[in-house]
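User: I'm new to this one and keep running into words like "buried" and "disulfide". Can you show me how each label gets decided?

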Amino acid sequence: MKVLVYSAKDFEIKELKKSNGNKHNIKFVPDTLNSTTAVMAAGYDAISIFSNDEASLVVLEILKELGVKYITLRSTGYNNVSVKSAKRIGLKVAYAPEYSPHSIAEHAVGLLLALNRKLIQANAQVKQHNFLLDDLVGFDLNGKTVGIVGTGRIGSILVKIFHAFGCKVVANDVKRNQYLENHYDLEYLPLEELCRRSDVISINVPLNYETHHIFYEPLFLAMKPGALLINTARGGIVKTEDVISALKDGHLGGYATDVYEHERGVFFRDNSKTGLNDALLQELIALPNVLLTPHQAFATKEALERIAETTIYNLDCWEEGKICKNELGYETISL
């Protein structure tokens, strides 16, 4: 099978080649998929895309006309793909679930600890030979209430981690996890009530029509003064203008995020020489109580290995005419 891999990054190519062996004829390009670059897929049976590639109806129709039959994502989230449109026009789409929920969960905890204990600021001070502690005071997690929004694969791990910290863990999800309720004293709450009670809130749901901008001004006003918000899901779940306002007026204590709602065309690139044209992003990262990482939560050795293995598995299934367990229909998932 001839495969074109869009948005190919140096750190993932090695694993993809290793998992593929000599099975598929794969070409790697750094270009992101969009309506302009879709023509690059002419003559290919399948393409592989990443979370920042665009697979809208317009792009899918171009791919279909070029002879592409299959699309495999190297990510768990698939909000960038019009799955219903793909199915309607005869394109098969598969994703990479469960590649390493631990990598995302552990990064979320790392973000929280760094934000709360002001580790980035402390490191910068020490490098300037400033050893004062005046601006470095955080709080104990032990005894605090942590709200987990979404108790899928990633959220379930976070419930266990925060329970081990000695936190009272509450959650919100459309589906309750009875195992977590029984073994980790998890309490499910309506989202607004979760926000009222939580000292820390972690977002772990997929981005879709229902979750787009669910974290906006009314929820920020409902939160405890000084609460910390952690987002390792998708940027579009949080309305950036509103989180900036909540941070500026001091109601929200801090925001640590691995994602940004307008990250396409900015993330996964070195913009140090060209600068940023996004005033909203510049305003966000300039705030002292914001910690932003460049969508790196998935980037562990183990996760990259599993993503590569899953990508090749999806291609193998299609080439061999087998049922692909990762093929997408109309369902949604929890992270």
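Analyst: Let's go through the labels one at a time, starting with confidence.

User: What makes you comfortable reading details off a predicted model?

Analyst: This is indeed a predicted model, so the place to look is pLDDT, the predictor's own confidence on a scale from 0 to 100. The protein chain averages 95, and 98% of the residues score at least 70. There is a weak spot, though: over residues 330-335 the pLDDT is below 50, even though that stretch has 23 contacts in the model beyond near neighbours in sequence.

User: Why is Asn289 called buried or exposed?

Analyst: Buried means under 20% relative accessible area. Asn289 has 17%, so it counts as buried. You'll find Asn289 in the loop between α11 and β12. Leaving out residues up to four places away in sequence, Asn289 touches Leu115, Leu247, Leu252, Gly253, Gly254 and Tyr255.

User: What makes the link between the side chain of Asn289 and the backbone oxygen of Gly253 a polar contact?

Analyst: The distance is 3.4 Å. The cut-off for such a pair of N or O atoms is 3.5 Å, so this pair falls within the limit.

User: And Ser7, why does it get its label, buried or exposed?

Analyst: Ser7 has a relative accessible area of 5%, which is under the 20% limit, so it is buried. Ser7 lies in the loop between β1 and α1. Its side chain makes a polar contact with the side chain of Asp53 at 2.7 Å. Among the residues Ser7 touches are Val29, Pro30, Phe50 and Arg74.

User: Why is Arg176 labelled as it is, buried or exposed?

Analyst: Exposed means over 50%. Arg176 has 54%, so it counts as exposed. Arg176 is in the loop between β7 and α7. Not counting residues up to four places away in sequence, Arg176 touches Glu181 and Tyr188. The side chains of Arg176 and Glu181 are joined by a polar contact of 2.5 Å.

User: How do you know how many disulfides there are?

Analyst: A disulfide is a covalent bond between the sulfur atoms of two cysteines. To count one here, the two sulfurs must be within 2.5 Å. By that rule the count is zero. Take Cys167: the nearest cysteine sulfur belongs to Cys195 and is 17 Å away. Seen from Cys195, the closest cysteine sulfur is that of Cys167, again at 17 Å, which is too far for a bond.

User: Why are Cys167 and Cys195 called buried or exposed?

Analyst: Cys167 has a relative accessible area of 7%, so it is buried. Cys195 is at 0%, so it counts as buried as well.

User: What makes the phi of Phe268 worth a remark?

Analyst: Most residues other than glycine have a negative phi. Phe268 is not a glycine, yet its phi is positive, at about 65°. Phe268 is in the loop between β11 and α11. With a relative accessible area of 30%, Phe268 falls between the 20% and 50% limits, so it is partly exposed.

User: What makes His295 another case of this?

Analyst: Phi of His295 is near 55°, a positive value in a residue other than glycine. His295 lies in the loop between β12 and α12. At 8% relative accessibility, His295 counts as buried because the limit is 20%.

User: How do you know that β9 and β10 pair?

Analyst: Two strands pair if there are at least two bridges between them. Four bridges join β9 to β10, and the two run parallel, so they qualify. Ser202, for instance, stands opposite Ile230 in β10. Between these strands the chain crosses through helix α9, and this β-α-β crossover is right-handed.

User: What makes β10 and β11 a pair?

Analyst: Five bridges join β10 to β11, again running parallel. In β11, the bridge partner of Asn231 is Thr257. The chain crosses from β10 through helix α10 to β11, and this crossover is right-handed too.

User: Why is β10 described as mostly covered?

Analyst: Five of its five residues are buried. Ala227, Leu229 and Asn231 point one way from β10, Leu228 and Ile230 point the other way, and all are buried.

Terms used: Residues are numbered from 1 along each chain as its sequence is written. This is a predicted model: local features need pLDDT of at least 70, side-chain atom pairs count only at pLDDT 80 or more; totals for chains, interfaces and linings use all residues. Side-chain values use heavy atoms; hydrogens and water are left out. Contact means heavy atoms within 4.5 Å. Buried means under 20% relative accessible area, exposed over 50%, partly exposed in between (1.4 Å probe, protein chains only). A crossover is right-handed if, with the strands pointing away from the viewer, the path from the first strand over the helix to the second runs clockwise. A polar contact is a pair of N or O atoms within 3.5 Å; within protein, one must be able to donate a hydrogen and the other to accept it, and residues adjacent in sequence count only if both atoms are side-chain atoms.
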